[in-house]
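This report describes a protein model under short headings, from its pockets and sheets to its local backbone features. Please consult the sequence and the structure shown here while reading.

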Amino acid sequence: MSSDLVQVRTTPDEVIELARQRRVDGRVWTKLQRFFRRHCQPGTKFEDVDFRTSVVVLPADEQWRLRGHLHCTPYLDSAGLLVRSGLSAPYVSGPSIGLPSAAVEDPELQRARCLPLTRASHLQTTSELKRRLRNGEETHLKEDLECALAMQGDEQLLDHRHLGPRRLNQLGEDFENAVFQGAGDLSFNEWNVAFCNDANGKRCFMPEGEPVSDRTYRCLVVFKPGSRLGDFKSRAARFGAFIGDSLAVLELRVLRGHPWLLLPPERCNAVPTDCIEFAIFGKSILWEGDVVKKSTIVEQFRDIRHVFLLPDVSKAKDTRQSPVFTGFGYDTSGSFWLLEAALRKNSNLARLACYAPISVPVHELGATRHDIEAQLGESKYYQACESPRAVRRAGQYCLHGKELYIYLRASPYPCTILAIGSQVPDKTESESLYLLAFGHEVALGEFRGGFRLWEDCAQILKGLGARYALGMDEGFDVFQLLLRNAGHKKAFEEVEECASGDVEKSIAETRSFFTVPPAFKSEGGQKLLLRRAMRATLAFWRAPL
């Protein structure tokens with residue numbers, strides 16, 4: 001298969017055409033058309049909207065093999081777990097990330113020791129920290145802000161930035177079609193584990209307290225160049241799929257030490273880790289050609305908003321004269337999501353909510369009836385009749401007595417997905433790597449519209465020939481960068497190295513390289529990046545054999 005068959009679809013028309021060629025389910029195809037028509041009026045230039053959708057298909061063949069690279073923050077071993085209880089804003093232990101506060105709720109401060117995405121994002125982080133200190137409005141965060149600002153002077157952070165020259169040199173000079181995407185949840189949220197075998201030796205990254213002995217992880221595995229997997233492929237075939245000897249999607253058990261990785265269920269069935277570059281967990285969306293039932297993996301989404309559309313009740317305080325406090329006793333100065341605590345506390349309730357209405361006592365929601373009704377309406381939920389039995393469709397609710405009856409809607413959220421499949425129907429020997437990124441439609445810092453993981457993205461990938469798919473990242477961490485060859489890489493490096501703190505200028509100069517740009521919003525007449533640093537990113541490319 002020649003390199004010109006690498007498919008890149010980055011505009012609405014191109015994604016729709018690719019779906020049509022692959023005979024995607026008619027309902028999904030119609031939904032694609034409606035979505036893009038709603039946001040891209042006739043004559044609208046694609047670069048003028050704040051979101052993009054990109055599907056990149058990388059095949060392996062007799063001349064080319066697939067390569068991959070996992071790039072992590074140097075301090076990832078002690079980067080702290082994000083605690084999500086739904087009782088308050090998510091927080092990270094301050095000492096675990098080098099900050100003095102016992103609990104850090106500010107999303108940017110939580111990533112103070114993470115690698116910046118680009119030079120421009122690093123400059124903006126420094127500028128924003130200085131601005132917040134000058135304003136003097138966040139006196140309770142003064143020590144954290146000062147400490148975070150001092151961290152930005154660490155040359156190692158800038159030198160090892162995710163899209164800097166040191167990282168890009170991993171590609172070599174003969175590469176083709178290098179794709180970069182986020183993996184910001186690594187060790188940040190439960191379930192998000194990885195094994196890495198590089199110049200620093202073999203090690204595993206995992207959240208603090210992760211019960212690895214009780215779990216089986218579906219992972220993307222990238223093998224070292226020249227690996228001969230031998231009988232391992234035959235042993236592992238029933239646990240996933242391979243693309244030659246380049247990479248695989250497999251079910252694995254993860255250990256904290258030697259032998260590091262095992263095939264389930266045999267505890268002695270070791271994986272040849274000497275041949276592995278890295279393995280990283282992803283939430284399975286497709287498996288063996290079938291869409292995975294949402295209820296079977298909902299617990300793997302520690303941010304439950306990526307599954308269900310939950311109203312932000314803290315916004316209700318904007319229409320009240322006094323600050324709103326939750327029924328849990330916490331100030332809602334940060335975001336507070338209705339039903340998150342109940343769904344996090346009761347995994348069976350979360351599973352039921354995937355396909356049926358649920359009921360929760362009002363006193364367990366941490367908000368007043370007035371605020372509940374106001375924000376449900378803002379999130380496009382509709383009051384059913386007085387009887388709870390009328391709640392039959394997603395988006396309906398009923399406040400009856402002391403109970404809230406509600407059928408939760410699926411959340412449309414930006415995401416990146418990796419998949420394995422065949423561009424040639426019914427021919428698994430010609431497997432390819434699919435890289436899907438659905439970006440942001442940002443309005444006033446909020447997500448609107450978008451694709452849903454199971455209902456939309458999984459169906460699109462299945463229609464395009466994918467058989468195994470893993471959701472790797474969601475939210476503000478979503479982006480996709482495409483460098484087609486060494487010349488394209490050099491051009492990006494020149495732009496990236498010369499970047500200033502002017503985000504609008506940086507976005508304009510790098511627009512042609514990002515198939516899905518980093519999320520940003522307009523504030524005070526300026527564009528502000530919504531995620532400037534990440535714990536980890538992934539890269540995939542084609543290299544000659």
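## Terms and basis of the model

In the residue classes used here, Ala, Val, Leu, Ile, Met, Phe, Trp, Tyr, Cys and Pro count as nonpolar, Asp, Glu, Lys and Arg count as charged, and the others, Gly among them, count as polar. The model is predicted: local features need pLDDT of at least 70 and side-chain atom pairs count only at pLDDT 80 or more, while totals for chains, interfaces and linings use all residues. Residues are numbered from 1 along each chain as its sequence is written, and side-chain values use heavy atoms, with hydrogens and water left out.

## Confidence

The pLDDT is the predictor's confidence in each residue, from 0 to 100. The protein chain has a mean pLDDT of 82, and 81% of its residues reach 70 or more. Residues 1-6 have a pLDDT below 50, and this stretch makes 17 contacts in the model beyond near neighbours in sequence; a contact means heavy atoms within 4.5 Å. Residues 318-325 also stay under 50 in pLDDT, with ten contacts beyond four places in sequence. Where pLDDT is low, the predicted coordinates should not be read in detail.

## The second largest pocket

Pockets and cavities are found on a 1 Å grid over the protein atoms alone: a cavity is a set of points where a 1.4 Å probe fits but cannot get out, a pocket is an open set with protein on both sides within 12 Å along at least five of seven lines, and lining residues have an atom within 4 Å of a point. Grid points are joined across faces, edges and corners, and a volume is the space filled by probe spheres set on the points.

The second largest pocket holds about 490 Å³ of space. It is lined by 22 residues, of which His71, Cys72, Asp198, Asn200 and Arg203 are the closest to its centre. By class, eight of the lining residues are nonpolar, eight polar and six charged. Helices (H or I, at least four residues) and strands (E, at least two) are DSSP runs, numbered from the N terminus. Strand 3, helix 6 (165-168), strand 8, strand 9 (201-205) and strand 14 (276-281) each supply at least two residues of this lining, and strand 3 gives the most, with four.

## The five-stranded sheet

Strands are taken to pair if DSSP finds at least two bridges between them. Strand 3 belongs to an open sheet of five strands, in the order 3-31-7-26-27 with antiparallel pairing. Its edge strands, strand 3 (64-72) and strand 27 (514-516), each pair on one side only. Neighbouring strands are turned by 20° against each other on average, direction ignored; axes are lines fitted to C-alpha atoms, for helices over the stretch in contact, and angles run from 0 to 180 degrees between N-to-C directions.

Nine bridges join strand 3 to strand 31 (residues 536-544) in the antiparallel sense. Cys72 stands opposite Ala536 in strand 31. Helix 13 lies across strand 26 (480-483) and strand 27, at about 125° to strand 26.

## The largest cavity

The model contains six cavities of 30 Å³ or more. The largest encloses about 200 Å³. Among its 17 lining residues, Ser506, Ile507, Thr510, Phe514 and Pro518 are the closest to its centre. The lining divides into eleven nonpolar, three polar and three charged residues. Helix 13 (486-497) and helix 14 (503-510) each supply at least two of these residues, and helix 14 has the largest share, five.

## The four-stranded sheet

A further open sheet has four strands in the order 17-20-19-18, with mixed pairing. Strand 17 (358-361) and strand 18 (382-383) are its edges, each pairing on one side only. Strand 19 (residues 396-400) and strand 20 (residues 403-406) run antiparallel and are joined by four bridges; Tyr397 stands opposite Ile406 in strand 20. Helix 11 (residues 369-378) packs on this sheet, touching strand 18, strand 19 and strand 20, and its direction makes about 165° with that of strand 19.

## Backbone features

Most residues other than glycine have a negative phi, and most peptide bonds are trans. Trp191 has a positive phi, near 80°, and is placed in the loop between strand 7 (176-182) and strand 8 (194-198). His258 and Pro259 are joined by a cis peptide bond, with omega about 5°. Pro259 is found in the loop between strand 12 (247-254) and strand 13 (261-262).
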